[in-house]
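Biologist: I am new to this structure and should like to understand the reasoning behind the terms applied to it. May I see it first?

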Amino acid sequence: MFSVYVGRVNFGRVNFGRVAVGVVAMVALGSARGIGASVLPPVLALDWAACPEAPSLDCAKLVVPLDYSKPNGKTVAMAVNRLKATKVSKRLGVMLINPGGPGASGVDFAQRADALFSKSVRSSFDIIGFDPRGVGRSAPVRCLNPKQLDRFFAADPSPDTAAEINEVFAVAQNLAQRCTQKYGVDVLAQLGTRNVARDMDRLREALGEESISMLGFSYGTLLGATYADMFPSRVRSFVLDGALDADVSFDGRAFEQAKGFENALKLFVADCASRTSCSSLLGADPMKVVDSMLARVETRPFSVGKRKVGPGEALLGLVRPLYSDRRGWPQLEAALVDAKAGLGAKLLALSDAYTDRAADGSYGSLIESNVAINCADVAASTDRQHYARLAKRLTEVAPHFGAALAYGNVVCAVWPVQGSAVGWKTPATGSKTILVVGTRNDPATPYVWAQKMAAGFENGALLTWEGNSHTAYFSGSQCVRSAVDDFLVNAEIPRSGAVCPR
């Protein structure tokens with residue numbers, strides 16, 4: 001089943017793994033926009049210690065209220081780590097980072113910070129990683145065992161028979177029921193983005209900072225935009241790369257992403273057809289190989305050891321490499337060459353990379369956390385027939401991905417928590433300028449969302465990269481890197497309409 005997963009940041013050539021100070025005074029929760037007036041207990045000092053997995057970093061836990069309307073009730077321990085600035089004399093403060101998802105670990109991300117960021121950024125900021133509530137090391141959402149998750153992802157993402165549609169709803173219902181039984185509605189209702197933004201401000205206080213900088217990718221842009229809107233006076237330099245539109249319904253998100261992935265597939269096919277090294281293996285029209293593979297697995301799944309590559313695994317294997325042309329397209333080419341020869345191992349490996357499935361059959365918490373956060377944020381239609389109608393409409397604009405993205409929202413239709421029908425606006429009125437980075441052919445967070453996010457801020461700027469990948473900062477573009485670093489360190493805003501070439 002094609003989940004509502006948005007995506008994680010692309011890290012270029014870096015092999016990124018699976019995937020303080022004093023007590024601060026009490027604050028009125030009502031100071032954040034849209035929150036009822038409640039008084040929070042004081043933020044306690046972070047008890048830093050060397051991280052077991054990365055001794056060069058400091059690790060700590062920040063205790064935050066589960067429900068901010070009940071500040072003295074149940075709590076969540078949020079995992080935090082810190083890579084200190086290399087030059088105290090040049091230190092400008094702290095920079096929070098988030099790699100996306102939702103569901104990807106910011107703590108894991110920060111473990112790579114020394115290799116990922118430039119000397120100017122490293123010397124200017126303490127880089128702060130954190131796992132949002134329900135993610136990674138912060139009480140992660142884990143509801144299904146590996147066999148149940150295998151079934152979840154094996155469901156035909158583009159169902160066209162009554163039995164296939166029933167299976168999509170059945171696996172979605174199973175996930176929803178098991179999560180509800182394990183955690184309860186009271187917990188699941190508190191996993192949304194706006195609560196994470198409140199957690200971020202508690203973290204700012206615990207760090208002893210008047211304001212923070214942030215570099216957020218993919219879902220991290222939604223988190224950054226939400227924080228900036230709720231706490232505009234606390235924004236120093238925010239860069240949001242690969243914008244996820246906050247003010248959009250699930251149907252609107254599915255429509256734009258379907259077009260984005262369809263465009264990415266067309267770009268891959270055109271590139272392959274233009275190169276003899278690829279077209280000699282896949283033919284003059286590589287799309288025929290894609291279509292043949294997808295048609296075959298409907299009736300004759302590939303066998304890979306004891307596992308099968310059916311419609312679910314095949315589509316996820318096709319989607320995964322479309323996130324990046326430089327790194328993903330060669331993998332997709334190799335997988336399609338093998339599929340043409342009747343072999344599915346490479347396609348399955350790509351599917352496993354997407355779903356965070358390890359070689360031993362175990363899964364990380366990425367996808368279940370993703371579902372819980374997305375469903376707490378945005379409501380989905382509970383009308384079963386709505387998805388058939390939406391699939392038909394989206395298939396007209398995206399024949400390979402439209403139906404899958406339409407039915408990918410089913411899990412939120414049966415989820416016990418319903419978020420906002422269309423999301424929320426984030427004007428961030430009163431904040432300093434926020435820099436949005438948009439990639440022209442980003443399949444997961446389409447460029448139109450970057451345009452909308454930048455225009456929606458009271459003080460927003462847009463930097464465009466003419467690339468074919470999800471997010472830009474780690475794409476290898478020195479133009480993007482320099483512009484972003486200069487903004488973070490020197491608050492230098494790119495000129496209006498700035499574009500970085502591919």
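Biologist: Against which helices do the buried residues of H4 pack?

Modeller: This is a predicted model. In it, the buried residues of H4 pack against H5, helix H12 (311–319), helix H14 (345–355) and H15.

Biologist: Which residues of H4 are the buried ones?

Modeller: They are Gln148, Leu149, Phe152 and Phe153.

Biologist: Why are they said to line one face of the helix?

Modeller: Viewed down the axis of H4, the buried residues fall within an arc of 130 degrees, so they line one face of the helix. As a general matter, an α-helix has 3.6 residues a turn, so residues three or four places apart point the same way.

Biologist: What is found at the start of H4?

Modeller: There, a side-chain oxygen of Asn145 comes to within 3.1 Å of the backbone nitrogen of Lys147.

Biologist: Why is the link of Cys143 and Cys179 called a disulfide?

Modeller: The sulfur atoms of Cys143 and Cys179 are 1.9 Å apart. The cut-off is 2.5 Å, so the pair counts as a disulfide. The link is right-handed, with 105 degrees about the S-S bond. This pair links distant parts of the chain, 36 residues apart: Cys143 is in the loop between strand S7 (125–130) and helix H4 (146–154), and Cys179 is in helix H5 (residues 162–183). Both Cys143 and Cys179 are buried.

Biologist: What makes Cys479 partly exposed, and what makes Cys500 buried?

Modeller: Cys479 has 35% relative accessibility. Buried means under 20% and exposed over 50%, so Cys479 is partly exposed. Cys500 has a relative accessible area of 1%, so Cys500 is buried. A disulfide joins Cys479 to Cys500, with an S to S distance of 2.0 Å. The link of Cys479 and Cys500 is left-handed, with -70 degrees about the S-S bond.

Biologist: Why is the pair of Cys375 and Cys412 said to tie together parts of the chain?

Modeller: Cys375 and Cys412 form a disulfide, their sulfur atoms being 2.0 Å apart. Cys375 lies in helix H15 (residues 366–377) and Cys412 in helix H18 (residues 410–413), so the pair ties together parts that are 37 residues apart in sequence. Cys375 and Cys412 are buried.

Biologist: How many disulfides does the structure hold, and what pattern do they follow?

Modeller: The structure holds 5 disulfides. With bonded cysteines counted along the chain, the pattern is 1-2, 3-4, 5-6, 7-8, 9-10.

Definitions and conventions:
Residues are numbered from 1 along each chain as its sequence is written. This is a predicted model: local features need pLDDT of at least 70, side-chain atom pairs count only at pLDDT 80 or more; totals for chains, interfaces and linings use all residues. Side-chain values use heavy atoms; hydrogens and water are left out. Helices (H or I, at least four residues) and strands (E, at least two) are DSSP runs, numbered from the N terminus. Buried means under 20% relative accessible area, exposed over 50%, partly exposed in between (1.4 Å probe, protein chains only). The arc is that of the directions from the helix axis to the C-beta atoms. Contact means heavy atoms within 4.5 Å. A polar contact is a pair of N or O atoms within 3.5 Å; within protein, one must be able to donate a hydrogen and the other to accept it, and residues adjacent in sequence count only if both atoms are side-chain atoms.
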